[in-house]
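Colleague: I would like to go through some of the words used for this model. Where should we start?

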Amino acid sequence: MSDSIAWNHVRGLTPLSLCDWPGHPCCVVFLGGCNLRCPTCHNGALAWSMETLPVVERPALRSFLARRARWLAGITVSGGEPTTVPGVGAVLHELAKSGLPVKLDTNGMLPEVVECMLAEGLVQRFAVDVKGPFAKYPALTGGAVDEVAARRNLSRIFAMAEKRPDAFFFRTTKVPLLDDADIETVRDLLPPGFALTLQDYIPPRRPHALADSEARRTPGNLVH
Ligand code: SF4
């Protein structure tokens, strides 16, 4: 049952990306649903109304990977927020059959799920989105996360990263709510030895809707 729930969240596939996982030409599998309400979200349809996007059926994904895996160096799982998907392990197990390593994008607010994925070897690398200083989380997440929860959850992620530095990297998008001092604050939060990857913010053309650039990345079907 949870298998079919998880597969119902698979709402997009980009056959090839050269920028989602630096050094790894990869495909990108998009899972719908998110626990945050970031006002700057570029993937609102996927995050909050995934039913408006077509499902990528399991046999189609399996067949795509069987044909294309040898041309890829990895799979990125993105969202939305993949850790919120009930039974997401079913999808990750299917991806593992390809023999490709998996990188998963996460906002880090469900560290227990990240811990589980890491322990089970279902994900080889996590790209953790640190949205800003803890104090700014309520504004950055549309009120979904307060300062205390942000600190608690990311501290747990940082502790995992200290033990497994090969399995994590950290990114911040320079949204208008952040200034240079905030970026420095985020750098100081990271465990020793980690660099912060900065991403430019491109405003969505329509608030809380799929921006055109994201729509191209989430076709919701397979390109053969
Ligand atoms: S930006 Fe990411 S974490 Fe925030 S609402 Fe959108 S998908 Fe969720």
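Modeller: With the ligand, which sits in the largest pocket. Keep in mind that this is a predicted model.

Colleague: What makes you say that the ligand sits in the pocket?

Modeller: The test is that more than half of a molecule's atoms lie within 2 Å of the grid points of the pocket. The ligand is counted as sitting in the largest pocket, so it passes that test.

Colleague: Which residues are around the ligand?

Modeller: They are Cys34, Leu36, Cys38, Cys41, Trp48, Gly80, Asn107 and Lys131. Each has a heavy atom within 4 Å of the ligand.

Colleague: How does this shell divide into nonpolar, polar and charged residues?

Modeller: Five are nonpolar, two are polar and one is charged. Lys counts as charged, and Gly is among the polar ones.

Colleague: Where is Gly80 found?

Modeller: Gly80 is in the loop between strand 3 (74-78) and helix 4. A cis peptide bond joins Gly79 and Gly80, with omega at about 10°. Most peptide bonds are trans.

Colleague: Why is His9 called buried or exposed?

Modeller: Buried means under 20% relative accessible area. His9 has 12%, so His9 is buried. His9 lies in the loop between helix 1 (2-8) and strand 1 (10-17). Leaving out residues up to four places away in sequence, His9 touches Phe30, Leu31, Gly32, Met50, Val85 and Pro86.

Colleague: What is Pro165 called on that scale, and why?

Modeller: The value for Pro165 is 45%. That lies between the cut-offs of 20% and 50%, so Pro165 is partly exposed. Pro165 is placed in the loop between helix 7 and strand 6. With residues up to four places away in sequence not counted, Pro165 touches Arg125 and Phe194. The C-alpha atoms of Pro165 and Pro191 are separated by 9.2 Å, and these two residues are 26 residues apart along the chain.

Colleague: Which residues of helix 5 are buried?

Modeller: In helix 5 (residues 111-119), Pro111, Val114, Met117 and Leu118 are buried.

Colleague: How do you know that the buried residues line one face of helix 5?

Modeller: Seen down the axis of helix 5, they fall within an arc of 120°, so they line one face. An α-helix has 3.6 residues a turn, so residues three or four places apart point the same way.

Colleague: What do the buried residues of helix 5 pack against?

Modeller: They pack against helix 4 (88-96), strand 4 (102-106), strand 5 (125-129), helix 7 (147-163) and strand 6 (168-174). Just after helix 5, Gly121 takes a positive phi of about 70°.

Definitions and conventions:
Residues numbered from 1 in each chain as written. Predicted model: local features only at pLDDT ≥ 70, side-chain atom pairs only at ≥ 80, totals over all residues. Heavy atoms only, no water. 1 Å grid on protein atoms, 1.4 Å probe; cavity = no way out; pocket = protein on both sides within 12 Å on 5 of 7 lines; lining within 4 Å. Buried < 20%, exposed > 50% of the residue type's maximum accessible area, 1.4 Å probe, protein only. Helix = DSSP H or I, 4+ residues; strand = E, 2+ residues; numbered from the N terminus. Arc of directions from axis to C-beta. Contact = heavy atoms within 4.5 Å.
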